[in-house]
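Here's a walk through one protein model, going from strands to helices to cores. Keep the 3D view open and follow along.

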Amino acid sequence: MKHAGWKTGMITLLLTGAVGCSNSASPEAATQQSPTPTQQAATSSQSDSSTSSQQVVHTISVDEKKVEELLTQFKTQPPTKVVTVSVAITEILNELGVTPVGVPTTSSKLPSSLDNVPRIGTSHQPDLEQVAQLQPDVILGPTSIQASIDKKFKPASLPTAYLPVDSIDELKLSTVVLGRLFKQEEKATAFLQSIREKEKTIIDATKGKPAPKVLFLFGSAEALMVMNEHTFVGSLARNLGASNVASDVLKQTETYVPLNMESIVAANPDVILLVAHGDPSAVTKKFEEDVKKNGAWEKLTAFKNGKMKALNYSTFGIASLVKVPAAYEELANILYNE
């Protein structure tokens, strides 16, 4: 599959901004006049002898092979009628100016521009009849729950396609895919540039600081799971320079695994952060009760230093590229400043 305007191999999105030039354009104007993705990828460092301008370049790269593989799912290019069963994908489409005909029912706040778009049930329990009535060209869902969604839609011969949206890198990859699919490459590039600029500012502020060992837990009062660096919050912490206990110490390859207290005690995290599904106070209370039953937990650095905290579910509970800047800022403050 060939698509004009994109190079084979790694896609590099360059963010350039003039610094120290008295007649430099505003950030808004720079966005409006941004070059095409192909021009950006081909642009090298430029200089003007008549000014003292310096060029600041930020790069974002995604695997072109993965982009092409994901695009092979789509028979209609671009699809006219799209239904989404993912909040993350819905948000990306909104940034690209693409309005679905159906979006998921969710407690998360979707863009106000989608207020009148029909809700088609939750991501895990979509309403088959409602979706079928919308006659979509494609139903977009997250790769992580493909098996369960296929059980709903495949028997009804409804067209589906899946995109990875668990981590920051996956969200960026899927933004490139959707930008190309809907011929909105420039909007995708501008969106990713904006995220990258804010991301870099926060990451740079943590460089040189001692890297804490952090344990991320996800779940409810009934069950808690340990999250590795390939989750949304895990990828945030990795980019901030923190060490994820699940990945670096426990060598956990699965994204989520059941909590094992003995192994966590041995890993001795500096910080324990909880993403509670449901009432965070109830989950935190249950977790603390379990800790008290195991005397060894009281020796943990995180508990001795009071570094166990429930994260804001609205920010960290669902992977969201739109919320990345706020999530970075909040997490960086917890890991390095509190």
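Strand S4, helix H6 and strand S5 make a right-handed β-α-β unit. This is a predicted model, so bear that in mind throughout. In the sequence, S4 takes up residues 138–142, H6 covers residues 146–153 and S5 covers residues 160–163. The two strands run parallel, and 4 bridges join them. To find the pairing by eye, look for Ile139, which stands opposite Thr160 in S5.

Now check what packs against S5. Both of its faces are covered. Thr160 and Tyr162 are buried on one side, and Ala161 and Leu163 are buried on the other.

Leu140 is a good way into the interior. Skipping residues up to four places away in sequence, Leu140 touches a long list of partners, including Phe74, Val82, Val85, Ile89, Leu93, Ala161 and Leu178. So where does Leu140 sit in the bigger picture of the largest nonpolar core? That core has 55 residues, and Leu140 is among those that touch the most other members, along with Leu178, Phe216, Leu240, Leu273, Leu331 and Leu335. Helix H15 gives the most to this core, with 8 residues. There's also a second, separate core of 18 residues, and Leu224, Val226, Val283 and Leu300 are among its members.

Leu178 leads us to helix H7, where Leu178 is one of the buried residues. H7 runs over residues 168–181, and its length works out nicely: at 1.5 Å a residue, its 14 residues should span 20 Å, and the end C-alpha atoms are indeed 20 Å apart. How many of the residues of H7 are buried? The count is 12 of its 14, so to speak a mostly covered helix. The buried set isn't just greasy side chains by name: Lys172, Ser174, Thr175 and Arg180 are in there, as well as Leu171, Leu173, Val176 and Val177. After H7 comes Lys183, which has a positive phi, near 55 degrees.

Next, helix H9, residues 232–239. With 6 of its 8 residues buried, H9 is largely enclosed by the rest of the structure. The buried ones are Phe232, Val233, Gly234, Ser235, Leu236 and Ala237. At the N-terminal end, Thr231 acts as a cap, with a side-chain oxygen 3.1 Å from the backbone nitrogen of Gly234. Following H9 is Gly241, whose phi is also positive, near 95 degrees.

Arg238 lies in H9 too. Is Arg238 buried or partly exposed? Its relative accessibility is 27%, so Arg238 counts as partly exposed, since buried would mean under 20%. Leaving out residues up to four places away in sequence, Arg238 touches Asp169 and Glu229. Ala211 is 27 residues away along the chain, yet its C-alpha atom is separated from that of Arg238 by 9.9 Å.

Last stop: Ser320, in the loop between helix H14 (313–316) and helix H15 (324–337). Despite its place in a loop, Ser320 counts as buried because its relative accessibility is 2%. What does the side chain of Ser320 join up with? The partner is the side chain of Glu91, through a polar contact of 2.6 Å. Setting aside neighbours within four places in sequence, Ser320 is in contact with Glu91, Leu171 and Phe232. Those last two tie back to earlier stops: Leu171 is buried in H7, and Phe232 is buried in H9.

Notes:
Residues are numbered from 1 along each chain as its sequence is written. This is a predicted model: local features need pLDDT of at least 70, side-chain atom pairs count only at pLDDT 80 or more; totals for chains, interfaces and linings use all residues. Side-chain values use heavy atoms; hydrogens and water are left out. Buried means under 20% relative accessible area, exposed over 50%, partly exposed in between (1.4 Å probe, protein chains only). Two strands pair if DSSP finds at least two bridges between them. A crossover is right-handed if, with the strands pointing away from the viewer, the path from the first strand over the helix to the second runs clockwise. Contact means heavy atoms within 4.5 Å. A polar contact is a pair of N or O atoms within 3.5 Å; within protein, one must be able to donate a hydrogen and the other to accept it, and residues adjacent in sequence count only if both atoms are side-chain atoms. The expected span of a helix is 1.5 Å times one less than its number of residues. A nonpolar core is a set of buried Ala, Val, Leu, Ile, Met, Phe, Trp, Tyr and Cys residues joined through side-chain atoms within 4.5 Å.
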